[in-house]
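These are my notebook entries on a structure that I had not opened before. I went through it one topic at a time and wrote down what I looked up.

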Amino acid sequence: DFDEFLDLMTARMSDKDTPEDIQKVFELFDEDKTGFISLQNLKRVSSELGETMGEAELLEMIERADTDKDGQISPEEFFTIMTKKTFA
């Protein structure tokens with residue numbers, strides 16, 4: 001589920017990770033270089049990680065991270081997710 005996926009994504013992050021490190025991870029998601037993480041980007045990453053998440057779950061991930069409600073995840077929203085230890 002979403003929380004397990006988030007745990008997987010943040011497991012390698014440590015308190016010593018810099019904003020630059022987090023930006024590099026963001027860029028791995030943002031393969032199409034739009035400056036945002038889209039549903040398509042999440043589908044690709046979850047597939048590459050062997051996760052079998054449905055589109056509804058991936059949309060929920062975006063909705064929970066998307067504080068400005070534009071339907072995609074900005075670098076700032078991604079940074080917030082990756083540096084939070086709990087995600088409501």
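**Entry 1, the chain as a whole.** I read along the sequence first and noted the pattern α-α-α-α-α, and my tally of the secondary structure came to 5 helices and 0 strands. I reminded myself that this is a predicted model. I then looked up burial and found that, of the 88 residues of the chain, 36% count as buried. For the surface I wrote down an exposed area of about 5600 Å², of which carbon and sulfur atoms supply 52%. I also looked up contacts between residues at least 6 apart in sequence, and of these 52% join residues at least 24 apart.

**Entry 2, helix 2.** Which residues of helix 2 are buried? Going through residues 19–29, I listed Ile22, Val25, Phe26 and Phe29 as the buried ones. Looking down the axis of helix 2, I noted that these buried residues fall within an arc of 105°, and so they line one face of the helix. On the other side of helix 2 I found Glu20, Lys24 and Leu28, which are exposed. I added a general reminder for myself: an α-helix has 3.6 residues a turn, so residues three or four places apart point the same way.

**Entry 3, aromatic rings.** I next searched for ring pairs and found that the structure holds 2 aromatic pairs. In one of them, Phe26 and Phe78 meet edge-to-face, with 5.5 Å from centre to centre and 70° between the planes. This pair links distant parts of the chain, since Phe26 belongs to helix 2 and Phe78 to helix 5, 52 residues apart. Are the two partners buried or exposed? Phe26 counts as buried because its relative accessibility is 3%, and Phe78, at 5%, counts as buried as well. I closed the entry with the note that ring pairs link Phe26, Phe29 and Phe78 into a cluster.

**Entry 4, helix 3 and its charged partners.** For helix 3, which spans 39–48, I listed the buried residues as Leu39, Asn41, Leu42, Arg44, Val45 and Ser46. Arg44 caught my attention on that list, and I looked up its relative accessibility: the value is 18%, and Arg44 counts as buried because the cut-off is under 20%. I then turned to salt bridges, whose count comes to 4. Which residues pair with Arg44? Glu31 forms a salt bridge with Arg44, and the closest N and O atoms are 3.0 Å apart. This pair links distant parts of the chain, with Glu31 in the loop between helix 2 and helix 3 and Arg44 in helix 3, 13 residues apart. Glu48 also forms a salt bridge with Arg44, here with 3.2 Å between the closest N and O atoms. Both Glu48 and Arg44 lie in helix 3, 4 residues apart, which is about one turn of the helix. Unlike the buried Arg44, Glu48 counts as exposed, at 56% relative accessibility.

**Entry 5, helix 4 and the network.** In another salt bridge, the side chains of Arg64 and Glu60 meet at 3.1 Å, N to O. Being 4 residues apart in helix 4, Arg64 and Glu60 are separated by about one helical turn. Both count as partly exposed, Arg64 at 27% relative accessibility and Glu60 at 35%. Looking over the salt bridges for shared partners, I noted that Glu31, Arg44 and Glu48 are joined into one network.

**Entry 6, positive phi values.** Last, I looked for residues with a positive phi. Lys33 has one of about 60° although it is not a glycine, and its place is in the loop between helix 2 and helix 3. Lys33 is exposed, with a relative accessible area of 65%. Where does Lys69 lie? I found Lys69 in the loop between helix 4 (55–65) and helix 5 (75–83), with a positive phi near 60° in a residue other than glycine. Lys69 is exposed, its relative accessible area being 62%. Just after helix 3, Gly50 takes a positive phi of about 80°.

Methods: Residues numbered from 1 in each chain as written. Heavy atoms only, no water. Buried < 20%, exposed > 50% of the residue type's maximum accessible area, 1.4 Å probe, protein only. Arc of directions from axis to C-beta. Phe/Tyr/Trp six-rings, centres within 6.5 Å; stacked < 30°, edge-to-face > 60°. Contact = heavy atoms within 4.5 Å. Areas by Shrake-Rupley, 256 points an atom, 1.4 Å probe, with all protein chains shown as cover.
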